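User: I am new to this structure and would like to go through it step by step. Could you take my questions in turn?

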Amino acid sequence: MAYKSRVTNKCMGASFAGQVNAANRTETSDLINVLQRDVNPALRRIYDKGVQNKKDAAVNKMKELYATKDAETINQEILNGVHPELSGKYVEKTVQYHRGRHEAVDAIKRIEENKNKYNFQETNLPAFYKEYLPSFADKDGSYALGFAAVFNKFKANDALRDAEVRSNYAQTKKIEEGVKIISAQDVTDVWSTANSLKAPLPPEEGDAGTRYMYSNEEVNQVVMSYAENLYNTATSTDEIDRALKILNSSRGIGKDGMKLGSLASTKRKDVSKLI
């Protein structure tokens with residue numbers, strides 16, 4: 001019987017678990033895979049936790065410093081290396097972010113302290129703010145983000161207050177202009193002149209509704225203001241009588257063809273008080 005070789009091209013282990021142990025897979029490579037799969041994530045978590053702890057320590061240190069020192073002093077101390085826990089690439093962004101937050105509070109305080117210098121008729125809020133804001137040219141993005149996180153809320157609320165003041169002023173001027181127009185009229189012509197203020201205007205872009213220069217309520221307010229001015233400046237009973245006649249005069253005919261009656265007949269509290 002001829003001899004048959006028992007040597008094959010298979011590697012050791014092929015007959016034990018149905019798996020070929022290729023030349024690029026060894027006990028050493030298996031160990032490396034285990035380390036990469038199980039140990040490295042743990043090490044990464046430990047590393048990330050260490051970085052976070054440094055950031056948290058930096059935040060607490062910043063709070064401590066800002067409780068007793070101004071921003072310029074703190075910044076100079078950081079540059080001089082007085083506070084090593086506030087240096088290094090891991091905490092620098094955090095420090096700048098919280099520095100921006102604290103300096104936003106200081107800026108808001110300066111703005112509020114100087115609000116008496118703000119004249120909305122001559123300037124606007126962004127232009128007024130410039131004198132009290134820090135320069136951002138030499139600051140990084142983290143500082144700007146921290147500053148905006150605090151300042152933007154104040155700015156939005158301040159803008160709403162400013163818009164309300166501007167709107168009230170514009171409305172007051174509008175009523176004053178209407179009063180000026182009707183003040184030269186005789187008592188019998190006051191309401192016809194006042195109603196002429198309700199001149200139609202072109203609709204706003206994208207709106208098909210009809211607009212008027214003065215609304216019905218604004219016309220009423222114009223006449224009320226005129227009567228009140230007559231009372232406040234009266235030097236004779238004739239001027240007071242003129243004011244009373246205006247308040248008791250018919251306001252004309254409404255859109256439905258019905259008589260509108262006088263302001264006095266509306267029983268409005270402000271009209272009754274003036275009478």
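User: Is Leu244 buried, partly exposed or exposed?

Analyst: This is a predicted model, and the answer for Leu244 rests on its relative accessible area, which is 30%. Buried would need under 20% and exposed over 50%. Because its value falls in between, Leu244 counts as partly exposed.

User: In which helix is Leu244 found, and which residues form a nonpolar patch with Leu244 on the surface?

Analyst: Leu244 belongs to helix α9. On the surface, this residue takes part in a nonpolar patch whose members together have about 350 Å² of accessible area. The residues that form the patch with Leu244 are Tyr231, Ile240 and Ile275.

User: Which elements are included in what covers the buried residues of α8?

Analyst: The buried residues of α8 include Val219, Val222, Val223, Met224 and Leu230, and among them are also Glu218 and Asn220. Their cover includes α6 (141–182), α7 (190–195), α9 (237–248) and α10 (269–274).

User: What span should helix α8 have, and what distance separates its end C-alpha atoms?

Analyst: Helix α8 holds 18 residues, from 216 to 233, and the expected span counts 1.5 Å for one less than that number of residues. The expected span is therefore 26 Å, and the distance between the end C-alpha atoms agrees with it, at 26 Å.

User: How many helices and strands does the protein chain have, and what share of its residues counts as buried?

Analyst: Read from the N terminus, the elements run α-α-α-α-α-α-α-β-β-α-α-α, which comes to ten helices and two strands. Of the 275 residues in the protein chain, the share that counts as buried is 28%.

Note on methods:
Residues numbered from 1 in each chain as written. Predicted model: local features only at pLDDT ≥ 70, side-chain atom pairs only at ≥ 80, totals over all residues. Heavy atoms only, no water. Helix = DSSP H or I, 4+ residues; strand = E, 2+ residues; numbered from the N terminus. Buried < 20%, exposed > 50% of the residue type's maximum accessible area, 1.4 Å probe, protein only. Contact = heavy atoms within 4.5 Å. Patch = residues over 30% accessible without salt bridge, like charges linked within 9 Å, V, L, I, M, F, W, Y side chains within 5 Å. Areas by Shrake-Rupley, 256 points an atom, 1.4 Å probe, with all protein chains shown as cover. Salt bridge = Lys/Arg side-chain N within 4 Å of Asp/Glu carboxyl O.
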